[in-house]
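Here are my notes on the model, set out as numbered points for a colleague who wishes to follow them with the coordinates open.

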Amino acid sequence: MINHFRVDSKLIHGQITTRLLAFKHCNRILLIDDTVAGDESMRNIFSTVIPHSVKIHFRGMGDALNALERAQASANRYLVIVRTPETALALFAQRGYLGTSMNHIACQLGLTKAALYKHYTSKREILDKIVEQ
């Protein structure tokens, strides 16, 4: 299951490895980023900074939706990390801004709507974050 979803331009850093994994009781990380997924050196660096008890999976955007579905269906507890809110952008492109609801975004990410609202107050805020980047 997906316990937590995080948009973080630094991806993995001290806050992730020392606090968030323990607080959210996660034993897996799903890191979705094309650059990292395609760079063995980056994958090795990120793999060495997380606790040995946590397994990390690297995926690019092409496999992101399938990976999220698998993570949600799993008995493991996942922390999902992305650099930018690309999944929401893909939904907006697919359905249009008006045709995309917070529920659609939450479902694509494998989250409850309540979990999504912990990070973003509206789809406008998500869109603003995308435009910022």
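1. His25 is a convenient place to begin, since at 54% relative accessibility this residue counts as exposed. His25 is placed in the loop between helix 1 and strand 2, and its phi is near 55°, which is a positive value in a residue other than glycine. Please bear in mind throughout that the model is a predicted one.

2. Leu11 also has a positive phi, of about 65°, although it is not a glycine. Is Leu11 buried or exposed? Leu11 is buried, because its relative accessible area is 1% and the cut-off for burial is under 20%. The residue belongs to the loop between strand 1 and helix 1, the latter covering 14–23.

3. As to the overall layout, the protein has eight helices and four strands, and from the N terminus on its elements run β-α-β-α-α-β-α-β-α-α-α-α. Of its 133 residues, 42% count as buried. Among the contacts with a separation of 6 or more, 68% are accounted for by residues 24 or more positions apart.

4. The four strands form an open sheet in the order 1-4-2-3, with parallel pairing. Strand 1 and strand 3 (55–59) are the edge strands, each of which pairs on one side only, and the twist from one strand to the next averages 20°. Strand 2 and strand 3 pair in the parallel sense over five bridges, and Ile29 has Ile56 as its bridge partner in strand 3.

5. Which residues touch the most other members of the largest nonpolar core? Within this core of 20 residues, they are Leu30 and Leu116. At least two residues of the core are supplied by each of strand 1 (2–7), strand 2 (28–32), helix 4 (64–73), strand 4 (78–82), helix 6 (102–109) and helix 8 (123–132). Apart from this core lies another, of 16 residues, among them Leu20, Ile29, Ile50 and Ile81.

6. Leu116 deserves a separate inspection: when residues up to four places away in sequence are not counted, Leu116 touches Met102, Ile105, Ala106, Leu109 and Ile126.

7. Gly110 has its place in the loop between helix 6 and helix 7, the latter covering 113–117. Gly110 counts as buried because its relative accessibility is 13%, against a cut-off of under 20%. Leaving aside neighbours within four places in sequence, Gly110 is in contact with Ile2 and Gln72. The C-alpha atoms of Gly110 and Arg70 are separated by 9.3 Å, the two residues being 40 residues apart along the chain.

8. The last point concerns open space in the model. The largest pocket holds about 180 Å³ of space, and of the 13 residues that line the largest pocket, Ile2, Asn3, Leu111, Thr112 and Ala115 are the closest to its centre. Which element gives the largest share of the lining of this pocket? Strand 1 does, with four residues. Ile2 therefore merits a second look in the viewer, since this residue is among the closest to the pocket centre and is also in contact with Gly110, a residue that counts as buried at 13% relative accessibility.

How values were computed
Residues numbered from 1 in each chain as written. Predicted model: local features only at pLDDT ≥ 70, side-chain atom pairs only at ≥ 80, totals over all residues. Heavy atoms only, no water. Core = buried A, V, L, I, M, F, W, Y, C linked by side-chain atoms within 4.5 Å. Buried < 20%, exposed > 50% of the residue type's maximum accessible area, 1.4 Å probe, protein only. Contact = heavy atoms within 4.5 Å. Pairing = 2+ DSSP bridges. Axes fitted to C-alpha atoms, helices over the stretch in contact; angles between N-to-C directions. 1 Å grid on protein atoms, 1.4 Å probe; cavity = no way out; pocket = protein on both sides within 12 Å on 5 of 7 lines; lining within 4 Å. Points joined across faces, edges and corners; volume = space filled by probe spheres on them.
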